[in-house]
Amino acid sequence: MPKTFKHLYSQLYEFENLYLAYRDARRGGKRKHDSVAAFEVNLEENLWALHAELEDKTYRPGPYRSFVVGPWRHDHLWAPKRRVISAAPFRDRVVHHALCDVTQPIFEARFTRDSYACRQGKGTHAAVDRCQEFARQQRYVLQCDVRQFFPSVDHQLLRGMLAHHIADPDVLWLIDRILGSSVGLLAGEYQMVWFQGDDLFAAARPRGLPIGNLTSQFWANVYLNSLDQFVKQQLHCRCYERYCDDFLLFDDDKSVLHAWRGAIIDHLASLRLTLHEERAVVYPTRTGIPFLGFRVFPYCRRLLHPKVHAFARRLRRLRAGYEAGELDAETVRLSVQGWLAHAAHAQTYRLRRRLLGEVSFAGGRPPAEAGRPA
């Protein structure tokens, strides 16, 4: 029998936990948003109101604000992905953080080492480091990504995975509230896939996690932990990693990777998911692996060209905003230095110098370079 956890709900709505959740929810520059400022005007009153609503179970999530990102075209570059981002009201984001603070440690102990998205101490650069480590060990890679992942997540299956370890009915009530608030948000992004044994009612199954919720990022890891465990324990793949719905398997034998590909397709069907099969290909690691914005070779890395062109455009916009007085030097400095720190994870020294040299700011060097020796 799996270990289950009870008596979690009172921890969730404690004022101290809600206050810490509020602090987490406002990070990343969100304090400048009107919704955050409005919540902070009567901070203590709003937190106590959330406490009361959660305690007596009258809490109701508010409506999402949805907007579309992509696709875009610029010159010869084309980004085909279209994503619907759904932002919950700030008070709901506080509840999401409070819920994750209490429940995430339960599942963290059960995740594999090589799941890198939205986990403390992991992230993009750690995933790229691991990819390069595996590329040095093995000659071939199988690269896969899940087709329309967030719109496809099945609520019934996800709730069962959460309830497998959470035995507190009040926490499950809150999970049901949050899941229910997102039903239909991504209906227009989902193309119906029929699986073996489906009847006509399968089309009406609640599905979809809104991109933008902290709970969605956490629950995505819960949902795909089944895949991680299958690859590690059933396929016995020693060199495997996953970042959200993108994952890599490495081996010295191409035929083994092709066999694993078929087994993964079958396992994903049990989760009501499918691969982008035309992209799920086996190729030599020495040719470079396009992964998380980098092309990773066994002994070097390069930034993918669209990422370089995107930063060049951003740098020109920053210059225009700075010279028009719309952006201050600190804002420009943080933006530029953030990208430079990211790019430094690849062999990009000359590229960074060239990009900064191509865009001149009024008064000389970019604000990011102010105070540095020439």
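A polar contact, as I will use the term today, is a pair of N or O atoms within 3.5 Å, and within protein one of the two must be able to donate a hydrogen and the other to accept it. I begin there since the model in front of you, which is a predicted one, has such a contact at the start of helix α9, where a side-chain oxygen of Asp168 lies 2.9 Å from the backbone nitrogen of Asp170 and Asp168 thereby caps the N-terminal end of the helix.

Let me stay with that helix for a moment. Helix α9 covers residues 169–181, and at 1.5 Å a residue its 13 residues should span 18 Å, which agrees with the 18 Å that separates its end C-alpha atoms. Which residues of α9 are buried? They are Val171, Leu172, Trp173, Leu174, Ile175, Ile178 and Leu179, and the buried residues of this helix pack against α1 (9–12), α4 (43–55), α5 (90–108), α8 (155–163) and α10 (214–234).

Stepping back to the whole protein, its secondary structure comes to 14 helices and 11 strands. The radius of gyration is 23 Å, close to the 21 Å that the globule rule gives for 374 residues, so the protein is as compact as a globular protein of that length. The C-alpha trace spans about 60 × 60 × 35 Å along its principal axes, and 46% of the 374 residues count as buried. If we take the contacts with a separation of 6 or more, 73% of them are between residues 24 or more positions apart.

Now to the sheets. One is an open sheet of four strands, in the order β6-β7-β5-β8, with antiparallel pairing. Why is one side of β6 (239–243), and likewise of β8 (281–284), left without a neighbour in the sheet? These two strands stand at the edges, and each has a single partner strand, so there is nothing in the sheet on the other side. On average, and ignoring direction, neighbouring strands of this sheet are turned by 20° against each other.

Within that sheet, β6 and strand β7 (residues 246–251) run antiparallel and are joined by five bridges, and in one of the pairs Tyr243 has Asp246 of β7 as its bridge partner. Helix α6 (residues 124–137) packs on the sheet, where it touches β6 and β7, and its direction makes about 155° with that of β6. Helix α11 (residues 254–270) also packs on the sheet, touching β5 (140–145), β7 and β8, with its direction at about 145° to that of β7.

The loop between β6 and β7 holds Cys244, a residue that has a positive phi of about 55° although it is not a glycine. Is Cys244 buried or exposed? Its relative accessibility is 18%, and buried means under 20%, so Cys244 counts as buried. His7, in the segment before α1, likewise has a positive phi, near 55°, and is a residue other than glycine, but His7 is exposed, with a relative accessible area of 66%.

I close with the other open sheet, in which three strands pair in the antiparallel sense in the order β9-β10-β11. Here β9 (289–291) and β11 (301–303) are at the edges with a single partner strand each, so one side of each has no neighbour in the sheet, and the twist from one strand to the next averages 25°. Strand β10 (residues 294–296) pairs with β11 over three bridges, and Phe294 stands opposite Leu303 in β11.

Technical notes
Residues numbered from 1 in each chain as written. Predicted model: local features only at pLDDT ≥ 70, side-chain atom pairs only at ≥ 80, totals over all residues. Heavy atoms only, no water. Pairing = 2+ DSSP bridges. Axes fitted to C-alpha atoms, helices over the stretch in contact; angles between N-to-C directions. Expected span 1.5 Å × (residues − 1). Buried < 20%, exposed > 50% of the residue type's maximum accessible area, 1.4 Å probe, protein only. Contact = heavy atoms within 4.5 Å. Rg over C-alpha atoms; globule rule 2.2 N^0.38 Å.
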